[in-house]
Amino acid sequence: MFCLRHASSSSDVWQNYTHLSPGFSRLMPAITQDLPALAQSIKDWGRELGFQQVGISGLDLAEHEQHLERWLAAGYHGEMEYMGAHGSKRSHPDQLVPGTLRVVSLRMDYLPGDTQMAQRLAQPSKAYVSRYALGRDYHKLIRKRVQQLAERIQQAIGPFGYRAFVDSAPVLEKAIAEQAGLGWIGKNTLVLNRKAGSYFFLSELFVDLPLPVDAPHATEHCGRCTACLDICPTNAFVGPYVLDARRCISYLTIELKSAIPEDLRPLIGNRVFGCDDCQIVCPWNRFARSTAEGDFKPRHNLDNAELAELFMWDEDKFLSNTEGSPLRRAGYERWLRNLAVGLGNAPSSIPVLEALKARQDYPSELVREHVQWALDQHANRQCSSL
């Protein structure tokens, strides 16, 4: 598969990096490998493992580092202290993993067919769960595939230095994906691809191989469109490319550990775990493709469940039904908190009111407070209709 040669531009590339990679001495047998062919094989192997696209980037993330610093300084990260907890490692892959020379960036589609997103949002008694979270947690599945890719590379060239990441460490994954040519960061701060929209997961393989890099996606294709900014239920976008996470429904329902601000609760509607609005309206998602991964398919009817039904799950049922699911990130207490807000926004009905009253004396003060708020919403609407 690879050409062996004694003098080549690829060998010159290796020689240029001998002083940077601690693992170079281990890689001496591979010095005559055809690096472009190896890079192409990595992409082919990635697709065989279920990734829709693979790109290779360098390490220069200076522009994105400045954007992150401004974002953190403005406090837009809210309670996500981990976003600023690792110094410059997030924007310097070779500091996070010494010896890193390149990052292999991979994307995998997750949209599980037609889950009627707009229809569910228009049914306020239904629970809306972000479509990435309907099935099994993506972390283990994708990490296993990235590990398998690393093993395929190792079979071809021998031992090399690497580390796999799937949204599990201080990595600027969107910036890396853009640098690797997988798409551009859109006005909604997500990576967009002209052939695939934005419904995909990202992962990375840090390597100490001086592979040829792909051309960055230097041009953004959002144009004058502001659909994603205009649709946001809570006006979380400060402007194009800048999100105030403290107002983002995904942050409020997943990351926020305390009470959801009262002024934002009516705006959340029936969204109980995450939010897809800025993706649903994106014109590029006309080209999004359904996933072929069975693990991403909806489980426990989560794409069509009633708020009241989910609210009545006891903790054992929650733990059973969310085993291996992204929903576990919120935990049972915050799951009830989120559902209470959804029930407060739902039309008054016997199932809705009975579900809320059943949790009025729940041991958690956080849950009780949101339940009481929800009951007050129904009482206020009833009074205003008289």
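# Close-up views of a predicted model

**View 1. Cysteine 282 sits in the loop between H11 and helix H12 (307-311).** Helices (H or I, at least four residues) and strands (E, at least two) are DSSP runs, numbered from the N terminus. The model is predicted: local features need pLDDT of at least 70, side-chain atom pairs count only at pLDDT 80 or more, and totals for chains, interfaces and linings use all residues. Residues are numbered from 1 along each chain as its sequence is written, and side-chain values use heavy atoms, with hydrogens and water left out. With a relative accessibility of 10%, cysteine 282 counts as buried (buried is under 20% relative accessible area, exposed over 50%, partly exposed in between, with a 1.4 Å probe and protein chains only).

**View 2. Cys222, Cys225, Cys228 and Cys282 share the UniProt annotation "binding site", which comes from an unreviewed entry.** These four cysteines span 61 residues in sequence, yet no two of their C-alpha atoms are more than 10.1 Å apart, so they gather at one spot. UniProt positions are given in the numbering used here, feature names are shortened, and annotations may be inferred rather than shown by experiment. Look for cysteine 222 in the loop between strand E7 (200-207) and H8. Cysteine 222 is buried, at 12% relative accessible area. Setting aside neighbours within four places in sequence, cysteine 222 is in contact with Trp184, Gly186, Lys187 and Leu192 (contact means heavy atoms within 4.5 Å).

**View 3. UniProt also places the feature "binding site" (unreviewed entry) at Cys232, Cys248, Cys275 and Cys278.** Here the cysteines span 47 residues in sequence, but no two of their C-alpha atoms are more than 10.8 Å apart, so they gather at one spot. Cysteine 232 belongs to the loop between helix H8 (227-231) and strand E8 (237-239), and cysteine 232 is buried, with a relative accessible area of 12%. Cysteine 278, in turn, lies in helix H11 (residues 277-280) and counts as buried at 16% relative accessibility. Apart from neighbours within four places in sequence, which residues is cysteine 278 in contact with? They are Asn188, Leu190, Cys228, Ile231 and Phe237. One of them, Cys228, also carries the annotation of View 2.

**View 4. Serine 130 lies in the loop between strand E3 (128-129) and helix H6 (138-157).** Is serine 130 buried or exposed? Its relative accessibility is 2%, so serine 130 counts as buried. Leaving aside neighbours within four places in sequence, serine 130 is in contact with Phe273, Gly274, Cys275 and Asp276. Cys275 is a familiar name here, being among the residues of the "binding site" feature in View 3.

**View 5. Threonine 189 and asparagine 235 both have a positive phi although neither is a glycine.** For threonine 189 the phi is about 70 degrees. Threonine 189 is found in the loop between strand E5 (184-185) and strand E6 (191-192), where it is buried, with a relative accessible area of 13%. Asparagine 235 has a phi of about 50 degrees. Asparagine 235 is in the loop between H8 and E8, and counts as exposed at 53% relative accessibility.

**View 6. Helix H2 (residues 35-48) and H6 have axes that come within 10 Å and cross at roughly 140 degrees.** Axes are lines fitted to C-alpha atoms, for helices over the stretch in contact, and angles run from 0 to 180 degrees between N-to-C directions. H2 and H6 are therefore oblique to each other (angles under 35 degrees count as roughly parallel, over 145 as roughly antiparallel, 65 to 115 as roughly perpendicular and the rest as oblique). On the H2 side, Leu38, Ile42, Trp45, Gly46 and Glu48 meet Leu149, Arg152, Ile153, Ala156 and Ile157 in H6. By class, this contact has seven nonpolar, one polar and two charged residues (Ala, Val, Leu, Ile, Met, Phe, Trp, Tyr, Cys and Pro count as nonpolar, Asp, Glu, Lys and Arg as charged, and the others, Gly among them, as polar).

**View 7. The axes of helix H14 (residues 331-345) and helix H16 (residues 365-385) come within 8 Å and cross at roughly 5 degrees.** H14 and H16 are therefore roughly parallel to each other. Residues of H14 including Leu336, Ala340 and Val341 meet residues of H16 including Val367, Val371 and Ala374. The contact of H14 with H16 divides into nine nonpolar, five polar and four charged residues.
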